[in-house]
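Here are a few exercises to work through with the model open beside you. Try each task on your own before reading its solution.

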Amino acid sequence: MTTANAIQHALDQLYRTHVGPGDPYALVDFPDHANVGDSAIWLGEIAMLRGVTGREPAYVSTWHDFDVEAFRRACPTGTLFLHGGGNLGDIWPHHQQFREHILATVHDRAVVQLPQSIHFRNPDGVARFASLATEHPDFTLYVRDRPSLDFASAHLSCPTHLAPDSAFALGRQPRAPADCDVLMLLRTDDERRDHASMPSAETTIVDWLEDDPDLPRAFTSQARARVDRGLRLLSRGRVIVTDRLHGHILADLLGIPHVVLDNDYGKIAAYLAAWAGSERVPAIRATTMAEAERAAAQLA
């Protein structure tokens with residue numbers, strides 16, 4: 001069983017393995033999209049890196065505006081960190097292609113992939129990534145669950161370690177008053193799973209894939225605005241039902257009891273199994289929508 005304190009300790013150890021006080025570093029693959037969960041990860045990463053080094057990243061970029069020469073000028077020494085999440089594989093190809101580009105072109109310093117979940121729907125892409133990971137002189141991979149760790153052990157020849165999601169570095173969050181008994185945060189994207197039935201008609205159903213107007217320009221300010229939007233959204237429910245991993249994580253940090261369904265390839269169940277016991281509030285697992293609604297009624 002893993003406690004919340006153990007989660008924080010594991011994150012601290014992860015980051016201190018690669019940077020120390022005053023060290024320069026780069027953090028790339030900023031999540032330039034509205035998904036709240038990826039922004040929560042980014043804020044957690046920034047919080048950990050600032051806490052260890054006492055400084056801001058020397059270089060940041062999205063997947064589409066990385067400039068290797070600008071990176072080397074801004075960060076002539078130091079580790080290059082790749083943003084974590086759930087996109088190592090072929091479901092979200094832009095991020096995977098960027099990750100592979102980094103491994104192919106940045107051989108002059110350490111590259112660290114922050115905690116990821118791994119899933120390839122098409123096995124053809126595995127050999128290419130495995131080759132790049134093997135050929136890089138100093139690449140370290142962190143994964144969030146044991147199926148991803150088993151995959152890496154079977155297919156990749158690089159140091160690989162189990163680590164919790166960096167969003168937990170945000171710590172406890174204050175919540176606003178609720179305005180509905182049960183709020184369902186359900187995926188509407190490519191990782192959505194059929195949960196065997198539709199929610200009841202009276203249920204409040206949302207997703208968090210639309211930005212507020214007037215989003216700030218600075219990367220970390222954008223991430224903060226997106227996470228604040230997600231926290232406001234989740235705070236509406238006295239109980240949450242979600243099939244988003246960061247719906248679970250942020251509900252936990254807000255102290256809201258919740259019911260967890262899975263995504264299409266089992267990412268959430270695998271994460272919960274790896275870090276069982278770290279929850280601060282009740283989190284009930286369900287496999288169908290009917291089960292989730294019964295559990296939510298019990299929690300409410």
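A salt bridge is a side-chain nitrogen of Lys or Arg within 4 Å of a carboxyl oxygen of Asp or Glu. Keep that cut-off handy, and keep in mind that this is a predicted model.

**Exercise 1. Check whether Arg128 and Glu100 form a salt bridge, and place both residues in the fold.**

Solution.
- Start with the distance: N to O, the side chains of Arg128 and Glu100 meet at 2.9 Å. The cut-off is 4 Å, so the pair counts as a salt bridge.
- Now find the partners. Arg128 sits in helix H5 (residues 124–135) and Glu100 in helix H4 (residues 93–105). They are 28 residues apart, so this pair links distant parts of the chain.
- Then look at cover. Buried means under 20% relative accessible area, exposed over 50%, and partly exposed in between. Arg128 has 48%, so it is partly exposed, while Glu100 has 7% and is buried.

**Exercise 2. Find the salt-bridge partner of Asp189, then work out which network the pair belongs to.**

Solution.
- The partner is Arg244, with the closest N and O atoms 3.2 Å apart.
- Both residues lie in loops: Asp189 between strand E8 (180–185) and strand E9 (204–206), Arg244 between strand E10 (237–242) and helix H8 (245–254). The pair links parts of the chain 55 residues apart.
- Are the two buried or exposed? Asp189 has a relative accessible area of 15%, so it is buried. Arg244, at 2%, is buried as well.
- Now widen the view. Asp189 and Arg244 belong to a network of salt bridges that also links Arg187, Glu191, Asp207 and Lys267.
- For the overall tally, the structure holds 20 salt bridges.

**Exercise 3. Describe the salt bridge between Arg226 and Asp211, and say how covered each partner is.**

Solution.
- The closest N and O atoms of Arg226 and Asp211 are 2.9 Å apart.
- Arg226 belongs to helix H7 (residues 219–235), and Asp211 to the loop between E9 and H7. They are 15 residues apart along the chain.
- Arg226 has a relative accessible area of 3%, so it is buried. Asp211 comes in at 32%, so it is partly exposed.

**Exercise 4. Work out how many residues of H8 are buried, and see what comes just after the helix.**

Solution.
- Go along the helix and check each residue. Leu245, His246, Gly247, His248 and Ile249 are among the buried ones. Leu250, Ala251, Asp252, Leu253 and Leu254 are buried too.
- That gives 10 of 10 residues buried, so H8 is mostly covered.
- Just after H8 you meet Gly255, which takes a positive phi of about 80°.

**Exercise 5. Compare Asp29 with Asp214: what is the phi of each, and is each one buried or exposed?**

Solution.
- Neither is a glycine, yet Asp29 has a positive phi of about 75° and Asp214 has one of about 60°.
- Asp29 is in the loop between strand E1 (25–28) and helix H2 (36–53), whereas Asp214 is in the loop between E9 and H7.
- Asp29 has a relative accessible area of 2%, so it is buried. Asp214 has 77%, so it is exposed.

**Exercise 6. Count the disulfides, and check how covered Cys75 and Cys158 are.**

Solution.
- Searching the whole structure turns up zero disulfides.
- Cys75 has 0% relative accessibility, so it counts as buried. Cys158 has 13%, so it counts as buried too.

**Exercise 7. Step back and decide how compact the protein is for its 300 residues.**

Solution.
- First, the parts: the protein has 10 helices and 12 strands.
- The radius of gyration is 19 Å, close to the 19 Å that the globule rule gives for 300 residues, so the protein is as compact as a globular protein of that length.
- Along its principal axes, the C-alpha trace spans about 55 × 40 × 35 Å.
- How much is buried? Of the 300 residues, 56% are.
- Next, take the contacts with a separation of 6 or more: 75% of them come from residues 24 or more positions apart.
- Finally, the accessible surface is about 12,400 Å², and 51% of that belongs to carbon and sulfur atoms.

Definitions and conventions
Residues numbered from 1 in each chain as written. Predicted model: local features only at pLDDT ≥ 70, side-chain atom pairs only at ≥ 80, totals over all residues. Heavy atoms only, no water. Disulfide = S-S within 2.5 Å. Buried < 20%, exposed > 50% of the residue type's maximum accessible area, 1.4 Å probe, protein only. Helix = DSSP H or I, 4+ residues; strand = E, 2+ residues; numbered from the N terminus. Rg over C-alpha atoms; globule rule 2.2 N^0.38 Å. Contact = heavy atoms within 4.5 Å. Areas by Shrake-Rupley, 256 points an atom, 1.4 Å probe, with all protein chains shown as cover.
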